[in-house]
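Reader: I'd like a close look at one part of this model, the way its rings sit together and what lies around them. Could you take me through it in one go?

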Number of protein chains: 2
Amino acid sequence: TSSMEKPNIVTCTAPVNIAVIKYWGKRNEELILPINSSLSVTLHQDQLKTTTTVVASKSFQEDRIWLNGKEEDISHPRLQSCLREVRRLARKRRNDGNPSLDSAVLSHKVHICSVNNFPTAAGLASSAAGFACLVYTLARVFGVEGELSAIARQGSGSACRSMYGGFVQWLMGQKEDGKDSVAQQVEPESHWPELRILVLVASAEKKPVGSTSGMQTSVETSALLKHRAESVVPGRMAEMIEAIGRRDFATFAELTMKDSNQFHATCLDTYPPIFYLSSVSQQVINLVHRYNRHYGETRVSYTFDAGPNAVIFTLKQHVPEFLQVVQHFFPPETNGGQGSRRKSFSFGINQCFLNILFVFQAGPGPCVVDDPAQHLLGSDGLPKRTV
Amino acid sequence: TSSMEKPNIVTCTAPVNIAVIKYWGKRNEELILPINSSLSVTLHQDQLKTTTTVVASKSFQEDRIWLNGKEEDISHPRLQSCLREVRRLARKRRNDGNPSLDSAVLSHKVHICSVNNFPTAAGLASSAAGFACLVYTLARVFGVEGELSAIARQGSGSACRSMYGGFVQWLMGQKEDGKDSVAQQVEPESHWPELRILVLVASAEKKPVGSTSGMQTSVETSALLKHRAESVVPGRMAEMIEAIGRRDFATFAELTMKDSNQFHATCLDTYPPIFYLSSVSQQVINLVHRYNRHYGETRVSYTFDAGPNAVIFTLKQHVPEFLQVVQHFFPPETNGGQGSRRKSFSFGINQCFLNILFVFQAGPGPCVVDDPAQHLLGSDGLPKRTV
């Protein structure tokens, strides 16, 4: 068979995405079905990405996974959901008579190896890129194509949005089985080439409440979250899609800020309240509003996820000046290099630090890596080297 | 006439109140009509109060006012509203044939002198006590009795709640002229003698957005505020009144915390967002939840108004231990006495300070001061001494 001739090995990469209309709250915990639709921008993989290699072989005794060089427990329910669903889809395709499918692979166990090229400390949710990459790569190994975002969603909700490039909406869907809770590309990354995304990393004084348990508590206790999901987000999704369509930065930016603020407002309305914004976050927010007020137009916007780090949206022509302004108000740290890292600048304010991590553009969705040298697993199905 | 025999001079005191269901947002800016009802606890005047003396005399050329020892502009619209409305009510009573009214006084100008016995830096809204005291004292001078809270409301919204002691609700009312937007006592101060109120003063890094302009922006921009006012507060008012009625501390405390958090959530949902809670406020919030979790019951609650200071509600038996816990987590400041003040303890955390100002009980509403030595104005109608 063909699986004897060439090893069944595939390596892919997948991007991080930044939500501008926020996902917060599930209506179904197991299937990961959200209480509202959301919308994100996919970051270019030049700088941040997850790389995953999957090997399928009849010689493997069991499914195994290595994350960032360390073997992890494959029995994690969300990993199992992704493995089960990709295999289920592959069987369905075979039964539907798909000729391109090598059906032997369906009985093979897989070895998975995945690495992020960005530090967890960056505070960027790596699970979205990770599960998107896993599902995309597994699907290629099992010869499955087409809509995969509903499977990625079952690994990590926002992972479904990392299955596409550019501007991506995650439709909440209505069905109980979640089949219509899928991601769709709204515009490709080429649509708005002037858009830039800056990540400002604020050191967290302590680990904030995780998003899974945080959103669960919010759904249970916040009356404002229910109202937001039902009555505010639908209108904002439509407005946001229109603003992106006509590359209307001011509207895009203002909606982004308002939606970030409203998400954090629902966290504060949670009982007990959840605080993700630190005093540095608040200073960045105030700085952005002051900057825009100075110019009498909205040139810069911010958004914050479940942590203190700011993601800034602006246009290409404003990047140099805004970076100077940030540097002015958060002067470079002089002592030690603890907060600094390669390709980043470190600024100190009181006891708090702010790192400008990278300047991004919007980018494409997951990609297959053709160069066999990039495979993370060797022909023996084990990691080539510890990372 | 009688006004020739004894000088027409009255001195009264009025209390501060702390809202447990928050007022935020007006439906009529001029009449100060709120978008939702609210509920407060009146603090005992043992420790904090406003004292106001009003003298009416036909020899005065014009209305004048001295606040905390300094003459201020009497033409301030809110002062004018209170003067106009008390005089209007007095004329109405005279026309209705009230025999106790000395009608000559209606043509007299007044001199007003008012002092707070607490520093503005304490961050406790002094305007509520101030306008309550002004209206209460003016009414006595003009021989008016009965419902006065709708007039105090026109000086400062929350002043209407300082017109009564104990537990007080401000009914939002429905009428366009605001006649039914009045305060009512829910329970007298004697109803719950074990209740204690602690004020923890957190130094503000900068002056926060004022409540008048803040709530105006919130009404204009926050969809969550509208939902809160229409759909959340009515139920909470009923629950709170019931909890107070049966002295159910846990329910009272939890509703108080939830309502404070929701108010601050609507501030964050305002555009641009408003932050009143500092990192010290957040630490106090986390401490209270940790403390309650430790005991498996709600022994302590917090509420925050338009600033970083915490007001703590607890029961008498928990005060000593909770003060120790606060002292443990916010250790006493060793250097300098800048943050300390008489009758208060000062605690330093990082660059931020926390002062325990006072421990209060609920107390009565405005009172007439009988001792002539307490008058702030002399027989010449001028302040006795600069304060």
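Reader: To start us off, how many aromatic pairs are there over all chains?

Author: Bear in mind that this is a predicted model. Counting over all chains, you get 24 aromatic pairs. A good one to zoom in on is A:Trp24 with A:Tyr276, an edge-to-face pair with 5.9 Å from centre to centre and 80° between the planes. What this pair does is link distant parts of the chain, since its two members are 252 residues apart. A:Trp24 sits in the loop between strand E2 (17–21) and strand E3 (26–28) of chain A, while A:Tyr276 belongs to the loop between helix H7 (249–268) and helix H8 (279–295) of chain A. Both A:Trp24 and A:Tyr276 are buried.

That long reach fits into a wider picture of chain A. Take its contacts with a separation of 6 or more: 73% of them are between residues 24 or more positions apart. The chain has nine helices and 17 strands, and 56% of its 387 residues are buried.

Back to the rings. Ring pairs also tie A:Phe167, A:Trp192, A:Phe249, A:Phe252 and A:Phe313 into a cluster. Some rings have a charge for company instead. In chain B, the charged end of B:Arg140 sits over the ring of B:Tyr136, 4.0 Å from the ring centre. Another case involves both chains: B:Lys258 places its charged end over the ring of A:Tyr271, at 4.9 Å from the centre.

Now for the nonpolar surroundings. In soluble globular proteins, nonpolar side chains tend to be buried together. Here the largest nonpolar core has 53 residues, and the ones touching the most other members are A:Val284, A:Ile312, B:Val284 and B:Ile312. Pick A:Ile312 and look beyond its neighbours within four places in sequence: its contacts include A:Val284, A:Val288, A:Val300, A:Tyr302 and A:Phe322. A:Arg196 and A:Ser301 are also among the residues in contact with A:Ile312.

One last stop is an empty space. The structure has one cavity of 30 Å³ or more, and the largest cavity holds about 150 Å³ of space. Its lining comprises 15 residues, with A:Leu268, A:Phe275, B:Leu268, B:Phe275 and B:Gln282 the closest to the centre. Helix H7 of chain A and helix H7 (249–268) of chain B each supply at least two residues of that lining. H7(A) gives the most, with three residues.

Methods: Residues are numbered from 1 along each chain as its sequence is written. Chains are lettered from A and ligands numbered from 1 in the order in which they are written. This is a predicted model: local features need pLDDT of at least 70, side-chain atom pairs count only at pLDDT 80 or more; totals for chains, interfaces and linings use all residues. Side-chain values use heavy atoms; hydrogens and water are left out. A nonpolar core is a set of buried Ala, Val, Leu, Ile, Met, Phe, Trp, Tyr and Cys residues joined through side-chain atoms within 4.5 Å. Buried means under 20% relative accessible area, exposed over 50%, partly exposed in between (1.4 Å probe, protein chains only). Contact means heavy atoms within 4.5 Å. Rings of Phe, Tyr and Trp (its six-membered ring) pair if their centres lie within 6.5 Å; planes under 30 degrees apart count as stacked, over 60 as edge-to-face and the rest as tilted. Helices (H or I, at least four residues) and strands (E, at least two) are DSSP runs, numbered from the N terminus. A charge sits over a ring if NZ of Lys or CZ of Arg is within 6 Å of the ring centre and within 35 degrees of the ring normal. On a 1 Å grid over the protein atoms alone, a cavity is a set of points where a 1.4 Å probe fits but cannot get out, and a pocket is an open set with protein on both sides within 12 Å along at least five of seven lines; lining residues have an atom within 4 Å of a point. Grid points are joined across faces, edges and corners, and a volume is the space filled by probe spheres set on the points.
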